[in-house]
Amino acid sequence: MPPELESIRLDKWLWAARFFKTRPLAAEAINGGKVHVNKQRAKPGKEIKIGAQLNISKDQLRWEITVTALSAQRRAAKDAVLLYEESTESHAARQLQLTQQREQREFMAHNGIDHKPNKKERRLIHRFKEG
């Protein structure tokens, strides 16, 4: 059994908690200002401890979480969820946004807009807009 970790690099924890597929992607998001630790920008090498507040933005979704455990190894998704606790407001807002995106996709599919217009369709669109 490995000894308990007191702190771990932010990029490594985000990778282990399965927010990002690779550590370089996690580091890129951190450098891009998509991850905040205790409401402040951080660097990938920032050491985080249990109880740290993280705000993560990814693919138009937002998480507000509290770190509850540290792990240096990537595990199954059901184990990764145990590494953090998400606020109820954050979870509700994300679920609402996912529902809206799903409805929008269904609406677009029902309207026959499932592809980019081809050359003939673009010409018809331009004619319609111009005259």
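Biologist: How does Arg23 count by its relative accessibility: buried, partly exposed or exposed?

Modeller: This is a predicted model, in which local features need pLDDT of at least 70 and side-chain atom pairs count only at pLDDT 80 or more, while totals for chains, interfaces and linings use all residues. Residues are numbered from 1 along each chain as its sequence is written, and side-chain values use heavy atoms, with hydrogens and water left out. Buried means under 20% relative accessible area, exposed over 50% and partly exposed in between, with a 1.4 Å probe and protein chains only. At 30% relative accessibility, Arg23 therefore counts as partly exposed.

Biologist: Which residue forms a salt bridge with Arg23?

Modeller: A salt bridge is a side-chain nitrogen of Lys or Arg within 4 Å of a carboxyl oxygen of Asp or Glu. For Arg23, the closest N and O atoms of the pair are 3.6 Å apart, and the partner is Asp11.

Biologist: Which residues are linked with Asp11 in a network of salt bridges?

Modeller: Asp11 itself is buried, with a relative accessible area of 4%. Its side chain meets that of Arg9 at 3.1 Å, N to O. The network thus joins Asp11 to both Arg9 and Arg23.

Biologist: What distance separates the end C-alpha atoms of helix H5?

Modeller: Helices are DSSP runs of H or I with at least four residues, numbered from the N terminus, and the expected span is 1.5 Å times one less than the number of residues. The twelve residues of H5 (residues 119-130) should therefore span 16 Å, which agrees with the distance in the model, 17 Å.

Methods
Helix = DSSP H or I, 4+ residues; strand = E, 2+ residues; numbered from the N terminus.
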